[in-house]
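Student: I have just opened this structure for the first time. Could you teach me how to read it?

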Amino acid sequence: MNILKRHRLPALLLLAVLVLAGYLAFLIPSGYQLQLRDRKADELIAGAGYCNVAKEEVVNGLRFYATAKKFMEHYECNAFSVPCPEMCATTRLNQEHMTPCFSHSLLNAEGISSACEYDIPGLVAQIMLSAAAKAGAYIGNCVPLYYEKDRKTVATFMGPPNDLQEKINAMTQEERDNLIITYHSSINLQMHGYDKPALNYDIRNYTASGWGPTMRHDFRQEKGQMLTMARISPDAGTLFVARGTVVAGTGETMSGCTQGVLFSVKDSKDFFQKQCNVGNHVPMVMADCFDEIVEFGKLLGLNVVTA
């Protein structure tokens, strides 16, 4: 205390250095941890059907994942989210070749809900859905598809160019009607259940430069699978709950946030109008837990809106 009074600036600098040193010691992995990370990268690459990124880029994805888990343990957290676009635009993450996508997929597969773009209402909905379904949730941008007069050519779509039109062309007209897409880049490998076999996956680059590993899956394999979706409004007053059926997938061979699930709903316009009151990201699980989520929302005193 006397040191602080007599030499305030040097003492504060010393304190800052000690705090920084503590964080560095906390974050810098041991030799054993590095070996485990290297081994985990080999396992993930070996388990992939296809991998177009170098091993060191997979290791970078695991560095982000390990750092997130350390901070979660330190602050006693049971879920995770980061402001992806803002972080990915920084010089530091570009220099380190890091994106959060891989970490989101790995955490979600472990049962630790992890949401993109610092979406806390979406994260809470993920936790609810995963608990009810006992399966991993997938969160992404959720928008209806509209067509030109031929009822086939996609007229409006919020996402980046990908193989979407090709997938639409392969559908029947009945399948194209009332179609919604949810797309991002962090699939959950345990979407069939935490105690069920993981989805098969590829590892592909997120950035156009070839780095930033992401897990990809062809959701055409899940055609006919029932979905339950939910989202809480930003003011935490409304819970949106919906049912859908998987029709196809898209973006499984692309980069960026193009990994999509195409699914049909009873009325896509009704779905979208109700969704607009709660937000863009609508998490989903591959299970029919619609009634359970509706009942839970009522128990919480939320305004439950269904589609």
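Tutor: Gladly! Let us begin with burial: a residue is buried when its relative accessible area is under 20%, exposed when it is over 50%, and partly exposed in between, with a 1.4 Å probe and protein chains only. Please keep in mind that this is a predicted model, where local features need pLDDT of at least 70, side-chain atom pairs count only at pLDDT 80 or more, and totals for chains, interfaces and linings use all residues. Residues are numbered from 1 along each chain as its sequence is written, and side-chain values use heavy atoms, with hydrogens and water left out.

Student: Why does Phe80 count as buried?

Tutor: Phe80 has a relative accessibility of 14%, so it counts as buried. This residue is found in strand β1, residues 80-81. Helices (H or I, at least four residues) and strands (E, at least two) are DSSP runs, numbered from the N terminus.

Student: What does Phe80 touch, not counting residues up to four places away in sequence?

Tutor: A contact means heavy atoms within 4.5 Å. By that rule, Phe80 touches Phe64, Ala68, Met72, His104, Leu107, Ser113, Ser114, Ala115 and Leu123. Take Ala68 from that list: it is twelve residues from Phe80 along the chain, and their C-alpha atoms are separated by 7.8 Å.

Student: Which residues that are far apart in sequence could I look at next?

Tutor: Try Ala135, in the loop between α8 and β3 (141-144). Ala135 is buried, with a relative accessible area of 2%. The C-alpha atoms of Ala135 and Gly193 are separated by 3.9 Å, although their positions lie 58 residues apart in the numbering of the chain. Beyond its neighbours within four places in sequence, Ala135 is in contact with Ser130, Gln190, Met191, His192, Gly193, Tyr194 and Val285.

Student: And where is Ser185 found?

Tutor: Ser185 sits in the loop between β6 (179-184) and β7 (202-205), and it is buried at a relative accessible area of 3%. Leaving aside neighbours within four places in sequence, its contacts include Cys101, Tyr138, Tyr206 and Gln259. From Ser185 to Gly251 the C-alpha distance is 9.1 Å, and the two are 66 residues apart in sequence.

Student: How many helices and strands does the chain have?

Tutor: There are twelve helices and 13 strands. The chain has 307 residues, of which 47% count as buried. Among contacts between residues at least 6 apart in sequence, 71% join residues at least 24 apart.

Student: Which residues of helix α12 are buried?

Tutor: In α12 (residues 290-299), they are Phe290, Ile293, Val294 and Gly297. To see how they are placed, we use an arc, taken over the directions from the helix axis to the C-beta atoms. The buried residues cover an arc of only 100° around the axis, so they lie on the same side of α12. On the other side of α12, Asp291 and Leu299 are exposed.

Student: What do the buried residues of α12 pack against?

Tutor: They pack against α8 (120-133), β9 (226-232), β10 (238-250) and β13 (303-306). After α12 comes Gly301, with a positive phi near 80°.

Student: Which residues other than glycine have a positive phi?

Tutor: Arg151 is one of them, with phi near 60°. Arg151 is in the loop between β4 (146-147) and β5 (154-156), and at 44% relative accessibility it counts as partly exposed. Ala236 also has a positive phi near 60°. Ala236 lies in the loop between β9 and β10 and is partly exposed at 48% relative accessibility.

Student: How do I find empty space?

Tutor: Rolling a probe the size of a water molecule over the atoms shows where empty space is left. On a 1 Å grid over the protein atoms alone, a pocket is an open set of points where a 1.4 Å probe fits, with protein on both sides within 12 Å along at least five of seven lines; lining residues have an atom within 4 Å of a point. The second largest pocket is lined by twelve residues, and Gln33, Leu36, Arg37, Tyr65 and Ala66 lie nearest its centre. The elements giving two or more residues to this lining are α3 (31-47) and α4 (55-74), with the largest share, seven residues, coming from α3.
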